[in-house]
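Reader: I would like the terms used for this model set against their cut-offs. Please take them one at a time.

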Amino acid sequence: MTFGRLPTLEIDRGASVNNDEIKVIIADDLRSTRRAIRAVLAFEPRILILGESANGEDAIQLVGEKQPDLVLMDVHMPVLDGIKATQVIKTSWPFIKVVVY
């Protein structure tokens, strides 16, 4: 049995981007989950973790400051949930990809 290549994340911002690096923000209220995600992503040298947030409001602020390529967003968080935070992020920065879990 043979397997094909895994798909790669392509970032298109309409400008030049370093294709070797994927800048990520992790948004989850559980510190243990953020640490686990960070540990898994550490195996991919092209991924750069720009920061972490424990609620949706902080995630929005961090995205505005850091301008990541990708946000990994928990649905259930205090202050502002992941769905509402994603809506704000996609309205303000439509080029940023968000994966909600």
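Reader: How many salt bridges does a search of the whole structure find, and what makes a pair a salt bridge?
Author: The search of the whole structure gives three. The term requires a side-chain nitrogen of Lys or Arg within 4 Å of a carboxyl oxygen of Asp or Glu. This is a predicted model, in which local features need pLDDT of at least 70 and side-chain atom pairs count only at pLDDT 80 or more, while totals for chains, interfaces and linings use all residues. Residues are numbered from 1 along each chain as its sequence is written, and side-chain values use heavy atoms, with hydrogens and water left out.

Reader: Why is the pair of E52 and R34 called a salt bridge?
Author: The closest N and O atoms of E52 and R34 are 3.1 Å apart, and the limit is 4 Å, so the pair qualifies. E52 lies in strand β2 (residues 47–53) and R34 in helix α1 (residues 31–41), so the salt bridge ties together parts 18 residues apart in sequence. Helices (H or I, at least four residues) and strands (E, at least two) are DSSP runs, numbered from the N terminus.

Reader: What makes R38 a partner of E52?
Author: Their closest N and O atoms are 2.7 Å apart, and they form a salt bridge. E52 in strand β2 and R38 in helix α1 are 14 residues apart. R34, R38 and E52 are thus linked in a network of salt bridges. The side chains of E44 and R46 also meet in a salt bridge, at 2.9 Å from N to O.

Reader: Why is R34 called buried, and E52 partly exposed?
Author: Buried means under 20% relative accessible area, exposed over 50%, and partly exposed in between (1.4 Å probe, protein chains only). R34 has 12% relative accessibility, so R34 counts as buried. E52 has 30%, so E52 falls in the partly exposed class. R38, with a relative accessible area of 36%, is partly exposed.

Reader: How do you know that the buried residues of α1 line one face?
Author: The buried residues of α1 are R34, I37 and L41. Seen down the axis of α1, they fall within an arc of 65 degrees (taken from the directions from the helix axis to the C-beta atoms), so they line one face of the helix. An α-helix has 3.6 residues a turn, so residues three or four places apart point the same way. The buried residues of α1 pack against β1, β2 and β3, where contact means heavy atoms within 4.5 Å. The face turned away from the buried side carries the exposed residues R31, S32, R35 and V40.

Reader: What makes β1 and β3 a pair?
Author: Two strands pair if DSSP finds at least two bridges between them. Four bridges join strand β1 (residues 22–27) to β3, and the two run parallel, so the condition is met. The bridge partner of I25 in β3 is V71.

Reader: Why is the crossover from β3 to β4 called right-handed?
Author: The chain crosses from β3 through helix α3 (residues 82–92) to β4, and this β-α-β crossover is right-handed. The term means that, with the strands pointing away from the viewer, the path from the first strand over the helix to the second runs clockwise. β3 and strand β4 (residues 97–100) pair in the parallel sense over four bridges.

Reader: How do you know that both faces of β3 are covered?
Author: In strand β3 (residues 70–73), L70 and L72 on one side and V71 and M73 on the other are all buried.
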